[in-house]
Amino acid sequence: MKILLPVDGSALSLHETRFALRLVQEGLKAEFVLANVQEPASFYERLTARDDQEMLANVALEAGADSMAASARLLESFNVPYETAVLTGDPVPAILELIESYGCDMVVMGSRALGLVRTALEGSTSSKLVQDSPVPVLLVKPPEVEDYDIEGQDAADEA
């Protein structure tokens, strides 16, 4: 099974990666596509780098690789096969593109608690993806605050 694992380098992304690894530890035969979606360059960035668009693309790739590094190290430590992908643009269409291009069977991603007002104004990437995805989307709830430290380690992992 090929699982798309969108990550952003946050402690919550590591929580999602740990959850996906638990699936493997429980017997799921899986390989992963670690993915990161970067925001497009701002108008100012495009204007100032108009003669060097390749530089902007490289900056996005480097930022994406940096955002995936901790999750990649975690997958490597468990000898779980994975590929990486960095795209620029709106997250939902980018993730849908990755599902198709990599032939993913499932997406494992976090559900962020945005609050009612912010969700109403912005919508939720996870909600939109659940509606539009051609494959199942498994949403991983954030851990309880008291069970999580600022380094992104589960309290149980440290005990």
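Start with helix α4 and select its surroundings: what covers the buried residues of α4 includes the strands β1 (2-6), β2 (31-38), β3 (82-88) and β4 (106-110), together with α6 (125-132). Keep in mind throughout that this is a predicted model.

Now select the helix itself, residues 91-102. Its twelve residues, at 1.5 Å a residue, should span 16 Å, and the C-alpha atoms at its ends are indeed 16 Å apart. Which residues of α4 are buried? Show Val 92, Ala 94, Ile 95, Leu 98 and Ile 99 as sticks; these are the buried ones. Turn the view to look down the axis of α4: the buried residues fall within an arc of 165°, so they line one face of the helix. On the other side, Glu 100 and Ser 101 are exposed. Step past the end of α4 to Gly 103, which follows the helix and has a positive phi, near 65°.

Next, colour the strands. The sheet is open and has five strands, in the order β3-β2-β1-β4-β5, with parallel pairing. Each of the two edge strands, β3 and β5 (137-140), has a single partner, so one side of each is left without a neighbour in the sheet. From one strand to the next the twist averages 25°.

Select β1 and β4. These strands run parallel and are joined by two bridges. Leu 4 is the residue to pick here, standing opposite Val 107 in β4. With the sheet still displayed, bring α4 back: this helix packs on the sheet, touching β1, β2, β3 and β4, and its direction makes about 140° with that of β3. Then add α6, which lies across β4 and β5 and runs at about 165° to β4.

Move to the pair β1 and β2, which is parallel and held over five bridges. Here Ile 3 stands opposite Phe 32 in β2. Is β2 enclosed or open to the outside? Six of its eight residues are buried, so β2 is largely enclosed by the rest of the structure.

Stay on Phe 32 and display its contacts. Leaving aside residues up to four places away in sequence, Phe 32 touches Ile 3, Leu 5, Ala 20, Val 24, Leu 75, Val 80, Pro 81, Tyr 82 and Glu 83.

Widen the selection to the nonpolar cores. In soluble globular proteins, nonpolar side chains tend to be buried together. The largest nonpolar core here has 17 residues, and those with the most contacts inside it are Ile 3, Leu 5, Phe 32, Leu 34, Leu 75 and Val 108. At least two residues of this core come from each of β1, α1 (11-25), β2, α3 and β4. Which element supplies the largest share of this core? That is α3, with four residues. A second, separate core has 16 residues, including Ala 94, Cys 104, Leu 129 and Val 135. Ala 94 was already selected above, among the buried residues of α4.

Finish on Ala 65, in helix α3 (residues 53-77). Ala 65 is partly exposed, at a relative accessible area of 40%. As a last step, draw a distance from its C-alpha atom to that of Asp 8: the two residues are 57 apart along the chain, and their C-alpha atoms are separated by 9.7 Å.

Notes
Residues are numbered from 1 along each chain as its sequence is written. This is a predicted model: local features need pLDDT of at least 70, side-chain atom pairs count only at pLDDT 80 or more; totals for chains, interfaces and linings use all residues. Side-chain values use heavy atoms; hydrogens and water are left out. The expected span of a helix is 1.5 Å times one less than its number of residues. Buried means under 20% relative accessible area, exposed over 50%, partly exposed in between (1.4 Å probe, protein chains only). The arc is that of the directions from the helix axis to the C-beta atoms. Contact means heavy atoms within 4.5 Å. Two strands pair if DSSP finds at least two bridges between them. Axes are lines fitted to C-alpha atoms, for helices over the stretch in contact, and angles run from 0 to 180 degrees between N-to-C directions. A nonpolar core is a set of buried Ala, Val, Leu, Ile, Met, Phe, Trp, Tyr and Cys residues joined through side-chain atoms within 4.5 Å.
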